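The following note sets out comments on the model under review. The points are numbered for ease of reply.

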Amino acid sequence: FGIVPKEKILASDYSTYAKSLNKAGKDSMAIVMMEKAMEADNSVDFVKEIMTAYYKLRKYEVAAKFLESKLSAGDKPDVNVTFIGTTVCGYEAFTM
């Protein structure tokens, strides 16, 4: 990313790099790239992945904020989201 001018980097570039970092277990760097992908293109949704990465990093309060943003957008929680919400964040109302 350092060689290419910033205006020529696409959201899909950040997205692809974030996915590879996530698979490699580099959660902190993956979060940064996922957030950049979301900033570059509003249609890219990494909220669940970012929340899960913060959960793995034991940053539960930040994970809770992403859970709230996902739910306030009207998304129905899936099993992973429900697990994080009920066990860590205390969102008993979202048990399935």
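1. In which helix is the place of Asp27? Asp27 belongs to helix 2. The model discussed here is a predicted one, and the remarks on this residue and on those below should be read in that light.

2. The surroundings of Asp27 merit attention. Asp27 is buried but has no salt bridge. Lys56 is the nearest side chain of opposite charge, and it lies 4.2 Å away. A salt bridge requires a side-chain nitrogen of Lys or Arg within 4 Å of a carboxyl oxygen of Asp or Glu, so the pair Asp27 and Lys56, at 4.2 Å, is not counted as one. Leaving out residues up to four places away in sequence, Asp27 touches Lys56 together with Asn22, Ala53 and Leu57.

3. On the overall fold, the protein chain contains five helices and zero strands. Read from the N terminus, the order of elements is α-α-α-α-α. Of the contacts between residues at least 6 apart in sequence, 33% join residues at least 24 apart.

4. Confidence should be stated alongside any reading of the model. The mean pLDDT of the protein chain is 77, and 76% of the residues reach 70 or more. Helix 1 (residues 11-23) has the highest confidence, at 90, whereas helix 5 (residues 79-87) has the lowest, at a mean of 58. Over residues 92-96 the pLDDT stays under 50, and for this stretch the model has nine contacts beyond four places in sequence.

5. Next, the interior. The largest nonpolar core has 21 residues, and those touching the most other members are Met34, Phe46, Ile50, Tyr54 and Phe66. At least two residues of this core come from each of helix 1, helix 2 (27-40), helix 3 (47-56) and helix 4 (60-72). Not counting residues up to four places away in sequence, Met34 touches Phe46 and Ile50, as well as Ala18, Asn22 and Glu49.

6. Two buried residues may be examined in turn. Ser15 is in helix 1, and it counts as buried because its relative accessibility is 12%, under the 20% cut-off. Apart from neighbours within four places in sequence, Ser15 is in contact with Ala37 and Phe46. Met51 is found in helix 3 and is likewise buried, at 0% relative accessibility. The C-alpha atoms of Met51 and Leu67 are separated by 6.7 Å, although these residues are 16 apart along the chain.

7. Ala40 presents another case. This residue is in helix 2 and is classed as partly exposed because its relative accessible area is 49%, whereas exposed would require over 50%. Ala40 and Ile9 are 31 residues apart along the chain, and their C-alpha atoms are separated by 8.9 Å.

8. Where does Arg58 lie? Arg58 is in the loop between helix 3 and helix 4. Its phi is near 60 degrees, a positive value in a residue other than glycine. Arg58 has a relative accessible area of 65% and is therefore exposed.

9. Finally, the surface as a whole. The protein chain exposes about 6400 Å², of which carbon and sulfur atoms supply 54%. Buried residues make up 32% of the 96 residues in the protein chain.

How values were computed
Residues are numbered from 1 along each chain as its sequence is written. This is a predicted model: local features need pLDDT of at least 70, side-chain atom pairs count only at pLDDT 80 or more; totals for chains, interfaces and linings use all residues. Side-chain values use heavy atoms; hydrogens and water are left out. pLDDT is the predictor's confidence in each residue, from 0 to 100. Helices (H or I, at least four residues) and strands (E, at least two) are DSSP runs, numbered from the N terminus. Contact means heavy atoms within 4.5 Å. A nonpolar core is a set of buried Ala, Val, Leu, Ile, Met, Phe, Trp, Tyr and Cys residues joined through side-chain atoms within 4.5 Å. Buried means under 20% relative accessible area, exposed over 50%, partly exposed in between (1.4 Å probe, protein chains only). Accessible areas come from the Shrake-Rupley method with a 1.4 Å probe; for residues, only the protein chains shown count as cover. Lys and Arg count as positive and Asp and Glu as negative; His and the chain ends are not counted.
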